[in-house]
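Trainee: I keep getting stuck on the words people use for helices. Can we go through a few of them with a structure in front of us?

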Amino acid sequence: FLAAADGLGSIAIDTTQLNMSVTDPTAWATAMNNLGMVPVGLAGQQLVTDSICVPGFDPSLSMMTGITPINPMIPGMGLVPPPPPTDVPVVKEIIHCKSCTLFPPNPNLPPPSTRERPPGCKTVFVGGLPENATEEIIQEVFEQCGDITAIRKSKKNFCHIRFAEEFMVDKAIYLSGYRMRLGSSTDKKDSGRLHVDFAQARDDFYEWECKQRMLAREERHRRKMEEDRLRPPSPPAIMHYSEHEAALLAEKLKDDSKFSEAITVLLTWIERGEVNRRSANQFYSMVQSANSHVRRLMNEKAAHEQEMEQAKESFKNALTGILTQFEQIVAVFNASTRQKAWDHFSKAQRKNIDIWRKHSEELRNAHSEQLMGIRREEEMEMSDDDSGDNPSKKLRVDDSALAAQAYALKEENDSLRWQLDAYRNEVELLKQEKGQLFRTEESLTKDQQLQFLQQTMQGMQQQLLSIQEELNNKKSELEQAKEEQTHTQAMLKVLQEQLKSTKELAEINGHDESQANVGNFNTLCAFVFNTGIISTFLHVHPFGANIEYLWSYMQQLDSRISANEIEMLLMRLPRMFKQEFTGVGATLEKRWKFCAFEGIKTI
């Protein structure tokens with residue numbers, strides 16, 4: 001937009017190119033003013049004046065930075081006069097050119113529609129041209145809107161016109177709806193209704209993108225320069241450790257004004273790993289110097305705390321005075337609201353006094369709560385002081401000269417003792433290093449053998465654990481086998497009892513007839529079979545089962561058996577099966593249970 005703005009300031013109208021006849025001077029002046037051009041020999045006002053076309057215009061915004069760029073030709077931005085109101089009709093006049101005449105559209109018709117304006121649009125579409133219109137005639141009509149860089153005319157009565165600047169497109173759009181007539185001819189081929197609209201051209205969009213990228217680069221550069229200007233300076237480099245630098249640093253640590261800088265260097269050296277056996281004493285002395293500043297810092301803290309207490313006391317006194325004045329003001333308002341004075345005020349005055357009184361009471365309550373909070377904090381601090389000694393008081397007592405000398409002697413004694421401990425540690429380290437140098441290979445082999453024996457012991461322990469697990473598994477399998485054996489023995493006894501019961505039944509029914517009748521033998525086999533099946537079924541149902549459940553299960557094995565037969569069989573063997581009643585009322589239910597093993601368990 002910089003080049004576009006610079007070009008706006010240099011726009012001038014060549015009066016030699018506008019040698020055309022003017023039949024109606026007033027109409028011609030009105031039409032040229034609507035187009036934003038000054039007619040020849042007539043006074044008029046341009047659409048864009050030279051005074052607002054600043055050569056050095058810098059929008060300083062761009063689409064690339066996420067902010068919509070400012071187009072200096074957009075109406076309402078101060079560079080182009082805003083469009084006329086929609087409710088006020090725009091009066092369009094007849095425009096006379098050398099080769100043609102433009103007649104305005106009917107003012108009662110709606111304005112011609114246009115598409116959305118593409119970004120950076122410098123090209124317009126012109127349709128409805130007369131069939132006999134040439135490029136020279138088109139240039140003669142539209143060059144009044146601005147410099148034309150290219151005209152592409154088609155055979156189908158339309159063309160595309162590209163202007164030098166974007167604001168010239170707005171002037172060309174104004175001609176949309178005009179009827180164009182070549183000369184004074186009435187032939188249809190010499191007349192047509194113009195339709196001017198925005199056109200989307202790749203060249204316009206490319207130039208617009210280039211301008212946006214240039215503005216984005218300028219914005220990024222400006223922001224980078226601003227960030228570089230506001231960026232804090234880098235901290236100074238820390239020098240490397242040496243004995244000379246250590247001596248200088250020790251002197252700086254003793255100076256209160258240079259202590260903060262020196263303590264940073266000391267911390268960096270320690271973090272770098274500069275402390276070794278040789279430099280340990282120097283570092284210890286520097287650490288001791290740093291420790292000597294603790295008392296000074298505590299004294300400064302005590303002084304600041306005393307200042308803070310004084311400031312709190314003055315604030316509390318001022319707040320108390322303010323609260324007293326608030327009480328007096330509230331008392332004045334309360335006295336004003338009494339009937340003696342209240343009746344003499346007007347209604348508006350009473351309303352204002354009531355509002356002022358409420359506001360004063362709110363402020364008084366707020367300040368009273370604040371003062372009470374300060375007093376509560378003081379009471380809490382006093383209780384804390386009573387429970388424990390205040391270290392600031394101790395430090396104030398130590399400010400005497402005698403206490404300072406005693407403290408200094410104590411520190412010197414401690415430093416000498418710590419130096420002696422450091423020398424002892426160095427001697428022990430030297431002895432250990434000397435012993436390690438004379439270490440023989442036999443000790444190394446013994447260590448290897450000891451490690452090997454330890455690994456062997458670990459392997460044996462793991463084997464013992466695995467063997468113990470296998471032994472536990474075998475024991476569990478043996479217990480299961482014993483349980484199965486006892487179960488089979490119990491089943492065998494049950495079958496023996498069932499066989500005895502079948503013999504008794506056979507004696508009752510007649511032993512001779514059973515031997516003679518093969519059918520009775522089959523019945524006995526079925527009885528034994530059913531008894532065994534029912535015993536097994538009830539054994540796996542410890543809570544028992546009803547007759548319907550047993551019958552549904554037996555039906556799958558023998559479809560001819562009935563529920564009554566099963567019940568009669570159960571009643572014949574009271575030693576093996578017993579009947580129990582469960583539930584109450586409507587939920588009463590008869591269940592049969594297997595009881596042959598109960599006698600075995602009690603034995």
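Mentor: Sure! Let's start with angles: under 35 degrees counts as roughly parallel, over 145 as roughly antiparallel, 65 to 115 as roughly perpendicular, and the rest as oblique. Keep in mind that this is a predicted model.

Trainee: Okay, so why are α7 and α8 called oblique to each other?

Mentor: Look at helix α7 (residues 259-272) and helix α8 (residues 280-291): their axes cross at roughly 140° and come within 11 Å. Angles over 145 would be roughly antiparallel and 65 to 115 roughly perpendicular, and 140° fits neither, so α7 and α8 are oblique. The crossing is left-handed, too.

Trainee: Which residues make the contact?

Mentor: From α7 you have Phe259, Ile263, Leu266, Trp269 and Ile270, and from α8 Phe283, Met286, Val287 and Ala290. Sorted by class, that contact has nine nonpolar residues, no polar ones and no charged ones.

Trainee: Now α18: how do you know that its buried residues line one face of the helix?

Mentor: Buried means under 20% relative accessible area, and in α18 (residues 563-572) Ile566, Leu569 and Leu570 are buried. Seen down the axis of α18, the buried residues fall within an arc of 100°, so they line one face.

Trainee: And what is on the other side of α18?

Mentor: There, Asn564 and Met571 are exposed, which takes over 50% relative accessible area.

Trainee: How much of the whole protein is buried?

Mentor: Buried residues are 26% of the 603 residues, in a protein with 19 helices and 10 strands.

Technical notes
Residues are numbered from 1 along each chain as its sequence is written. This is a predicted model: local features need pLDDT of at least 70, side-chain atom pairs count only at pLDDT 80 or more; totals for chains, interfaces and linings use all residues. Side-chain values use heavy atoms; hydrogens and water are left out. Axes are lines fitted to C-alpha atoms, for helices over the stretch in contact, and angles run from 0 to 180 degrees between N-to-C directions. Helices (H or I, at least four residues) and strands (E, at least two) are DSSP runs, numbered from the N terminus. A crossing is left-handed if the near helix is turned anticlockwise from the far one by less than a right angle, and right-handed if clockwise. Contact means heavy atoms within 4.5 Å. Ala, Val, Leu, Ile, Met, Phe, Trp, Tyr, Cys and Pro count as nonpolar, Asp, Glu, Lys and Arg as charged, and the others, Gly among them, as polar. Buried means under 20% relative accessible area, exposed over 50%, partly exposed in between (1.4 Å probe, protein chains only). The arc is that of the directions from the helix axis to the C-beta atoms.
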